[in-house]
Amino acid sequence: MTRIVSKAVILAAGNGDRFHNPTHDSKLLQPLLGRPILVRTLEAAYDAGIRAATVVLGYQADRVRALAESGAPGNMQVSFVENPEWRLENGVSALAARSALGFQRFALLMGDHVFEPPVLQRMLRLEAGPDESFLAIDARPVAPEVADEATKVRREGSRIVAIGKDLPEYDALDTGVFVFSPIIFDALERARALGDTTLSGGVRQLAGLGLMRGVEIGDATWCDIDT
């Protein structure tokens with residue numbers, strides 16, 4: 001039986017140090033075609049079927065929280081957790097949301113990634129084993145300079161077997177749109193114990209157990225608002 005996922009974690013704690021603006025404000029506050037980036041992420045999640053979102057705060061937490069509270073669409077319930085270690089990598093921010101999720105499947109989104117809602121909508125409805133997780137991947141050819149900036153994945157069939165920015169052999173790019181089993185939190189703890197505080201470190205742990213599947217986005221567009 002398919003269990004439709006309706007909750008999401010949105011990572012919004014970082015300072016976006018490669019995104020330069022005169023005031024050094026969080027890039028999530030910056031407008032993209034007239035809408036703040038974080039509001040676009042919330043709206044896309046809502047359009048895909050997310051009805052409750054936990055936003056992980058860190059840098060400029062009060063301002064990011066105020067934006068999320070005022071900009072959340074429709075009847076979306078928005079809650080917040082703070083990551084006091086926001087200067088570390090994004091796996092620590094994901095771990096900060098553990099207490100807010102309990103033992104349920106959830107989507108995990110990057111606050112600064114723009115994506116098309118139908119991609120996530122399909123993922124929220126996919127049948128999955130109890131411990132299986134999904135990552136939306138882009139398998140289209142890209143220019144080398146694009147691939148250099150992206151996190152890469154390698155698959156065997158639909159299973160992701162390797163992930164990382166410096167992966168020498170890969171067949172798709174990580175778009176930053178996930179649907180996770182709650183065991184991702186144990187995987188992130190194991191990765192951190194090994195010295196890896198990235199979200200990819202936790203995904204790598206799940207991939208080693210055969211529990212990560214790639215979901216191709218086809219012709220859909222996405223963008224990591226980075227530099």
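Which side chain does a polar contact of 2.7 Å join to that of Asp112? I looked this up first and found Lys27, where a polar contact is a pair of N or O atoms within 3.5 Å, one able to donate a hydrogen and the other to accept it, and residues adjacent in sequence count only if both atoms are side-chain atoms.

I note that this is a predicted model, in which local features need pLDDT of at least 70 and side-chain atom pairs count only at pLDDT 80 or more, while totals for chains, interfaces and linings use all residues. Residues are numbered from 1 along each chain as its sequence is written, and side-chain values use heavy atoms, with hydrogens and water left out.

Asp112 sits in the loop between β6 and β7 (113–115), these strands being DSSP runs (E, at least two residues) numbered from the N terminus. I recorded Asp112 as buried because its relative accessibility is 15%, and buried means under 20% relative accessible area with a 1.4 Å probe, protein chains only.

I then turned to Arg105, in the loop between α4 (98–101) and β6 (106–110), where helices are DSSP runs of H or I with at least four residues. Arg105 is also buried, at 11% relative accessible area, and its side chain reaches the backbone oxygen of Glu132 at 2.6 Å.

Last, I looked at the largest nonpolar core, which has 39 residues; such a core is a set of buried Ala, Val, Leu, Ile, Met, Phe, Trp, Tyr and Cys residues joined through side-chain atoms within 4.5 Å. Its largest share, eight residues, comes from α1.

Key: Buried < 20%, exposed > 50% of the residue type's maximum accessible area, 1.4 Å probe, protein only.
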